[in-house]
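Subject: Structure handover

Hello,

Here is the structure I said I would pass on. Please open it alongside this message.

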Amino acid sequence: MSLTEFSAVEIATAASSASRYLSILVDNERNEALAALHDALLRSKSAILEANAKDLEVASRAAENGDLSHSVLKRLDLSKPGKYDDMLKGILSVRNLEDPIGKVTLRTLLDDNLVLERVSCPIGVLLVIFEARPEVIANIAALAIKSGNSAILKEGGKESTESFIAISNVISEALSNTKVPKSSIQLVKARDIVWSLLAQDTFIDLVIPRGSNELVRFVKDNTKIPVLGHADGVCSAYLHSDADPEIAVKVVVDSKTDYPAACNSLETLLVHEDALGSIFPVLAKALFSKGVCLRCDVPSKNALAKGLTNAPLELLQDAVDPDYQTEFLDLVLAVKTVTSTPECSALENAIAHINSHSSGHTDVIVTRSQTVAEAFMKGVDSAGVFWNASTRFADGMRYGFGTEVEATLF
């Protein structure tokens with residue numbers, strides 16, 4: 001619900017009060033609200049996409065002028081095939097989840113008739129600040145309601161203003177006919193209120209910034225409220241010497257090209273020195289066919305010159321050190337050769353590179369060896385570490401949590 005006429009204190013107070021009421025609703029009552037939210041968004045699809053088209057028109061001009069990145073433009077587009085329907089499916093997936101409230105996760109008998117229990121409960125009030133991701137509104141609203149949390153949603157930029165207004169009006173109307181208080185989900189349009197909201201540490205329990213590095217760092221630097229923010233999505237894949245070429249192509253191509261603007265898109269490819277002349281040219285050919293630009297170090301570039309005829313020169317570039325810490329969010333992939341040294345194996349050097357250059361989001365190894373894979377998965381310090389699987393699997397819906405931000409609320 002949009003409450004631009006209220007102050008930050010009043011918004012936060014209303015959310016706090018609503019969170020206490022929401023937390024005691026039974027699961028069926030929260031699920032009924034999610035069904036109502038889904039149906040309302042389905043009925044309003046045409047109107048919301050029309051509003052989104054207005055945002056895209058303005059954003060496209062900004063991108064052409066160099067004032068907006070193309071990755072932001074892609075994230076803004078709700079008309080991308082399947083995107084709106086996936087947003088709706090996410091709401092139903094969340095509704096169908098087991099009730100996360102009231103689960104006993106630990107029970108200890110301390111003494112006769114004295115039992116200690118650890119029981120799951122809502123966090124309270126969430127402040128979610130996001131940029132150019134209209135579907136985040138529905139995602140967060142659904143997760144918050146299911147988990148018994150109130151949510152204050154604030155658009156951090158101006159790119160999705162029309163979409164934001166359209167979706168917020170639908171959510172407000174949908175909740176008005178349910179037992180979930182309207183103030184459980186508040187969508188704030190006022191642009192000058194972020195500073196004041198970040199100061200409401202008495203009422204707001206957690207801030208979740210969803211957007212650029214600048215947004216995440218701004219939030220962390222300007223609030224006393226705990227912040228759950230991941231600034232980068234620098235995901236890496238390590239191609240071991242024994243990798244299956246067919247699996248390597250499937251995993252790496254999907255990781256890079258399925259949705260390059262996503263935070264779980266692949267940005268760095270590490271190649272074992274023994275795979276340069278065999279597996280890597282096959283993989284590079286598949287990537288080139290998808291329009292991927294490879295920024296290679298000297299050994300990997302030389303390997304392509306020898307093992308791949310007619311490589312598109314415009315897609316084959318020299319890498320520089322910053323490339324291995326860059327979130328391109330585009331069809332660009334940094335490639336680095338991993339060698340053995342007297343002190344460390346190639347595997348150990350790959351792990352060391354990832355731990356010092358990646359953002360701790362999701363990293364992958366492609367290998368036939370279970371022993372090598374387990375060593376990699378134990379050694380890499382990231383939220384998700386996969387074996388022979390695309391980085392794009394790092395997603396709340398694929399994990400079975402309904403939609404994004406699942407680790408926060410469940």
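The notes below go through two sheets and the helices that pack on them.

Please keep in mind that this is a predicted model.

The seven-stranded sheet

One open sheet has seven strands in the order β10-β9-β11-β8-β7-β12-β13, and its pairing is parallel. At the edges are β10 (316-318) and β13 (384-387), each of which pairs on one side only. Ignoring direction, neighbouring strands in this sheet are turned against each other by 25° on average.

Going through some of the strand pairs:

- β9 (residues 293-296) and β11 are parallel partners joined over four bridges. Arginine 295 has alanine 334 in β11 as its bridge partner.
- β8 and β11 are also paired in the parallel sense, over five bridges. Here threonine 268 is the residue opposite alanine 334 in β11. Alanine 334 therefore turns up in both pairings, facing arginine 295 in one and threonine 268 in the other.- β7 (residues 235-239) pairs with β12 (residues 362-366) in the parallel sense over four bridges. Alanine 237 stands opposite valine 364 in β12.

β11 (332-338) is mostly covered, with six of its seven residues buried.

Helices on the seven-stranded sheet

Two helices can be described against this sheet. Helix α10 lies across β7, β8 (266-272), β11 and β12, and runs at about 155° to β8. Helix α13 (residues 346-357) lies across β7, β8, β11 and β12, and its angle to β8 is about 160°.

The α10 and α11 contact

α10 (residues 245-257) also packs against helix α11 (residues 279-289), at an angle of about 40° and with the two axes 9 Å apart. That angle makes α10 oblique to α11. The crossing of the two helices is right-handed.

Which residues bring α10 and α11 together? From α10 they are Pro245, Ala248, Val249, Val252, Val253 and Lys256, and from α11 they are Ile279, Val282, Leu283, Ala286 and Leu287. Sorted by class, this contact between α10 and α11 has ten nonpolar residues, no polar ones and one charged residue.

The four-stranded sheet

A further open sheet consists of four strands in the order β5-β4-β3-β6, with parallel pairing. β5 (185-188) and β6 (206-210) are its edge strands; each has a single partner strand, so one side of each has no neighbour in the sheet. From one strand to the next, the twist averages 15°.

Within this sheet, β3 (residues 125-130) and β4 (residues 150-155) pair in the parallel sense over six bridges. Valine 125 stands opposite serine 150 in β4.

Two helices pack on this sheet as well. Helix α1 (residues 8-22) touches β3, β4 and β5, and its direction makes about 145° with that of β4. Helix α6 (residues 135-146) touches β3, β4 and β5, and its direction makes about 165° with that of β4.

That is what I have on the two sheets and their helices.

Regards

Conventions:
Residues are numbered from 1 along each chain as its sequence is written. This is a predicted model: local features need pLDDT of at least 70, side-chain atom pairs count only at pLDDT 80 or more; totals for chains, interfaces and linings use all residues. Side-chain values use heavy atoms; hydrogens and water are left out. Axes are lines fitted to C-alpha atoms, for helices over the stretch in contact, and angles run from 0 to 180 degrees between N-to-C directions. Angles under 35 degrees count as roughly parallel, over 145 as roughly antiparallel, 65 to 115 as roughly perpendicular and the rest as oblique. A crossing is left-handed if the near helix is turned anticlockwise from the far one by less than a right angle, and right-handed if clockwise. Contact means heavy atoms within 4.5 Å. Ala, Val, Leu, Ile, Met, Phe, Trp, Tyr, Cys and Pro count as nonpolar, Asp, Glu, Lys and Arg as charged, and the others, Gly among them, as polar. Two strands pair if DSSP finds at least two bridges between them. Buried means under 20% relative accessible area, exposed over 50%, partly exposed in between (1.4 Å probe, protein chains only).
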